[in-house]
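Me: I'm new to this one and would like to go through it with you. Could you put it up so we can start?

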Amino acid sequence: MAAVVAEGLSKSYSDRRGRRAALDGVSFSVADARTLVVLGPSGAGKSTLLRLIAGLETPDAGSIRLGDRDMAGVPPERRGVALVFQDDALFPHLTIYDNLAFALRIRRLGEAAIRQRVHEIASSLAIDAHLRERPARLSGGERQRASIARAILSEPSLLALDEPLAHLDPELRAHVRAQFATFRARYPGPALYVTHDHVEAFALADELAILMDGRIVQRGDPQTVYDFPADVRIARFFGSPQMNLLQDTMEITGIRPEYVALRDDGSLRGEIAAYERGGSDWYARVRTPRGELLARVPGNRHERRAIGDNVGVDLPAAHVRRFDPATGKARE
């Protein structure tokens, strides 16, 4: 049985233009020891979703179950949902040890048991050297790891993370993200993680849900969603760089840049307009009669063809995705 089940969640807010739907009929489930990552652009409704699950707001329609309990009317403090926000939300006047021990003391555990559990999780998350320091003395990554440790120590029915790495610099984001498997090993329950970051979604999700305009538009394992986007909006949004989309009157053809091959011959001809650096690879921007596309060029192979060269472009059929030009929906 799923540990978390949401069915038909809807929530609207009023503004100067009237009522606006933040969520519209959102349904999902998360099993124990599984991480569902909800990926979406700003304003998609991600934070609203977490607030409804945590009981900080009430849905206009729909239901939430945590385990075998219906959450209708259950206040936040009785739901057992541990929220981790973008800001670490640690108590600034307490040491890291006392921040971590806080939830255990509320449950009236003995100090010996508290000390053992705090040191165990602090060691596993590499913050044990900072237990006697206050949060202000720690780096952003260390504070966020402490915040996650505190959430895990509360033994929640659901660990809910609201873009917890958003305020960290790229190096710290990568470091904390790499330790996520350690977090999960310490917490065997379900986790709901919302983000707008594609790398985090790929790295952390057991299952991925794409949220756009208040609706879940596709769910599945991350690789399947990446390879088989359900419509052109998802194709444009998920992936960096985004999927190439070439349109004519009959259909929209999509293909990821890593599958586009530049050859002396090819099914399509084009002119190299520019090169862009992408980590260890380069991307060639090629103008073709059907539109502009990107082709990944590993290493320094871009030196073989100059800007302005006419090249063949091969689009392997196995990696081509086709979409209806009227609806944007994927064709089978």
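Me: How many positive and negative side chains does the protein have?
Reply: In this predicted model, the protein carries 46 positive side chains and 44 negative ones, and the centres of those two sets lie 3 Å apart.

Me: And what do carbon and sulfur atoms supply of the area it exposes?
Reply: The protein exposes about 16,200 Å², and 48% of that area is supplied by carbon and sulfur atoms.

Me: OK, switching to the fold: how many helices and strands are there?
Reply: The protein contains 9 helices and 18 strands, and its C-alpha trace spans about 75 × 45 × 40 Å along the principal axes. Of its 332 residues, 47% count as buried.

Me: Let's pick out H4. Where is it, and what does it reach from its first C-alpha to its last?
Reply: Helix H4 takes in residues 140-153, which is 14 residues, and it reaches 20 Å from its first C-alpha to its last, close to the 20 Å expected at 1.5 Å a residue.

Me: Is H4 mostly covered or mostly uncovered?
Reply: H4 is mostly covered, with 12 of its 14 residues buried; among them are the charged-type residues Glu142, Arg145 and Arg150, as well as Ile148, Ile152 and Leu153.

Me: What covers those buried residues?
Reply: The cover over the buried residues of H4 includes strands E6 (81-84) and E7 (158-162), together with helices H2 (96-106), H3 (111-124), H5 (170-178) and H6 (180-186).

Me: And what comes just after H4?
Reply: Just after H4, Glu155 takes a positive phi of about 50°.

How values were computed: Residues numbered from 1 in each chain as written. Predicted model: local features only at pLDDT ≥ 70, side-chain atom pairs only at ≥ 80, totals over all residues. Heavy atoms only, no water. Helix = DSSP H or I, 4+ residues; strand = E, 2+ residues; numbered from the N terminus. Expected span 1.5 Å × (residues − 1). Buried < 20%, exposed > 50% of the residue type's maximum accessible area, 1.4 Å probe, protein only. Contact = heavy atoms within 4.5 Å. Areas by Shrake-Rupley, 256 points an atom, 1.4 Å probe, with all protein chains shown as cover. Charge placed at Lys NZ, Arg CZ, Asp CG, Glu CD.
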